[in-house]
Amino acid sequence: MAEIWQTKELVAEIKARVKADIENIMAAKGIAPGLAIVRVGENPDDISYERSIIRSSDQLGVKARVYANPADIPMADFTALLARLNQDSEVHGILIFRPLPPQLDYDVIKHLLNPAKDIDCITPENLAKLFQGERDVLFPTTSEAVVEICKHFHGPLTGCEVAIVNRSMVVGRPLAMMLLNENATVTICHSKTRDLPAVTAAADIVVAAIGKANFFGAEYFNSESSVIDVGINLDSAGKLVGDVDYEPVSSLVKAITPVPGGVGPVNSALLLRNVLTACQRQLQA
Ligand code: NAP
């Protein structure tokens, strides 16, 4: 039976450190880190994620505010909102929920966000830093959650073979660069990878992030595999599940993250840590 990498304690540690640092900033400067959440439309997943960010922000002392926009907001109004938030000295971090509707050109928008307030690493400037191996960038939180979990439970990643099944800009590509920074040997897989089970079964750590409920059965792993399940899906019974078929896989592999209770909560905690770091840097600038 696998070791279950429950992230509750890791999340509590991250949050405790963030809370203490925010209390110090409040005591020294009377300033609370400010987060602007920019939502377009009424996607229930966005609204539920937004509620959980607000709850955690309240607990930690981040001043979070939601900017909810109609689904048909014109590009000019959206860019005007971004320009206002870029200028607002009480906003230290800006989170834009994606995907955006077609009238909002993401390829233009990603250039308009102030890189200092870019807490999810979407601006070309910050991504360029990330791909050049610079470490002072605010890392994209999903990828950083995977790296934090690996380092916390597995230990140093030097020489480790990691297979990532995802090549998106949200997960796979930035994560590959961050794992290279940790001296891992990285393979990026996708829907055209030949013999995916052979590639994943040969890795020490497999990051499953394809967005398909229970896709990865035991044939993708071996008894020494550590499995990080990034997927968030509803199965046919409406239950929240990952990309990995948990029961058969957890009885085979060495370690596995559960869904829920694995990557997701670390991701949310790191988002608030990024708001804090952005605030600290803006106060020093
Ligand atoms: P995405 O843009 O749709 O990317 C999915 C990736 O999976 C693509 O690279 C795709 O390959 C690959 N893929 C799909 N089917 C495959 C198959 N049968 N075999 C091999 N590769 C396959 O999705 P995303 O935005 O990166 O998100 C991926 C998942 O992560 C989703 O479930 C999302 O909900 C979850 N997520 C979780 C968190 C969290 O906090 N836990 C945060 C963010 C995202 P191609 O490129 O060839 O199409």
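**Loops, sheet and core of a predicted model**

Biologist: Asp195 lies in the loop between β6 (185-189) and α8 (196-201). What is the phi of Asp195?

Modeller: This is a predicted model, in which local features need pLDDT of at least 70, side-chain atom pairs count only at pLDDT 80 or more, and totals for chains, interfaces and linings use all residues. Residues are numbered from 1 along each chain as its sequence is written, and side-chain values use heavy atoms, without hydrogens or water. Helices (H or I, at least four residues) and strands (E, at least two) are DSSP runs, numbered from the N terminus. Asp195 is a residue other than glycine with a positive phi, near 50 degrees.

Biologist: Is Asp195 buried, partly exposed or exposed?

Modeller: Buried means under 20% relative accessible area and exposed over 50%, with partly exposed in between (1.4 Å probe, protein chains only). The relative accessibility of Asp195 is 48%, so Asp195 counts as partly exposed.

Biologist: Which residue in the loop between β7 (205-208) and β8 (226-229) has a positive phi?

Modeller: Most residues other than glycine have a negative phi. In this loop a residue other than glycine has a phi near 55 degrees. At 29% relative accessible area this residue is partly exposed, and its name is Asn214.

Biologist: Where is the cis peptide bond with omega near 0 degrees?

Modeller: Most peptide bonds are trans. One cis bond, with omega near 5 degrees, runs from Arg98 to Pro99, and Pro99 sits in the loop between β4 (93-96) and α4 (106-112). Pro260 belongs to the loop between β11 (255-256) and α10. The cis bond with omega near 0 degrees runs from Val259 to Pro260.

Biologist: In what order do the three strands of the open sheet stand?

Modeller: Two strands pair if DSSP finds at least two bridges between them. The edge strands, β3 (63-69) and β4, each pair on one side only. The pairing in this sheet is parallel, and the order is β3-β2-β4.

Biologist: How many bridges join β2 to β4?

Modeller: β2 covers residues 34-40 and runs parallel to β4. Across this pairing Leu35 stands opposite Gly93, and Ile37 stands opposite Leu95. The number of bridges between β2 and β4 is four.

Biologist: Which residue of β3 is the bridge partner of Val40?

Modeller: β2 and β3 pair in the parallel sense over seven bridges. One of the partners in β3, that of Val40, is Asn69.

Biologist: Which helix does the chain pass through on its way from β2 to β3?

Modeller: A crossover is right-handed if, with the strands pointing away from the viewer, the path from the first strand over the helix to the second runs clockwise. The β-α-β crossover from β2 to β3 is right-handed, and its helix, residues 44-60, is α2.

Biologist: How many residues of β2 are buried?

Modeller: On one side of β2, Gly34, Ala36, Val38 and Val40 are buried, and on the other Leu35, Ile37 and Arg39 are buried too. The strand is therefore largely enclosed by the rest of the structure, and its buried residues number seven of the seven.

Biologist: Which helix gives the largest share of the largest nonpolar core?

Modeller: A nonpolar core is a set of buried Ala, Val, Leu, Ile, Met, Phe, Trp, Tyr and Cys residues joined through side-chain atoms within 4.5 Å. The largest one has 52 residues, and those touching the most other members include Leu35, Ile119 and Val266. Its largest share is 10 residues, from residues 263-284, helix α10.

Biologist: How many disulfides are there?

Modeller: A disulfide is a pair of cysteine sulfur atoms within 2.5 Å. The sulfur of Cys121 is 18 Å from the closest cysteine sulfur, in Cys150, so it is too far for a bond. The sulfur of Cys189 is also too far, because its closest cysteine sulfur, again in Cys150, is 15 Å away. The count of disulfides is zero.

Biologist: How far apart in space are Glu161 and Ser89?

Modeller: Glu161 is found in strand β5 (residues 161-165). Leaving aside neighbours within four places in sequence, Glu161 is in contact (heavy atoms within 4.5 Å) with residues including Thr185 and Ile205. Glu161 and Ser89 are 72 residues apart in sequence, and their C-alpha to C-alpha distance is 43 Å.
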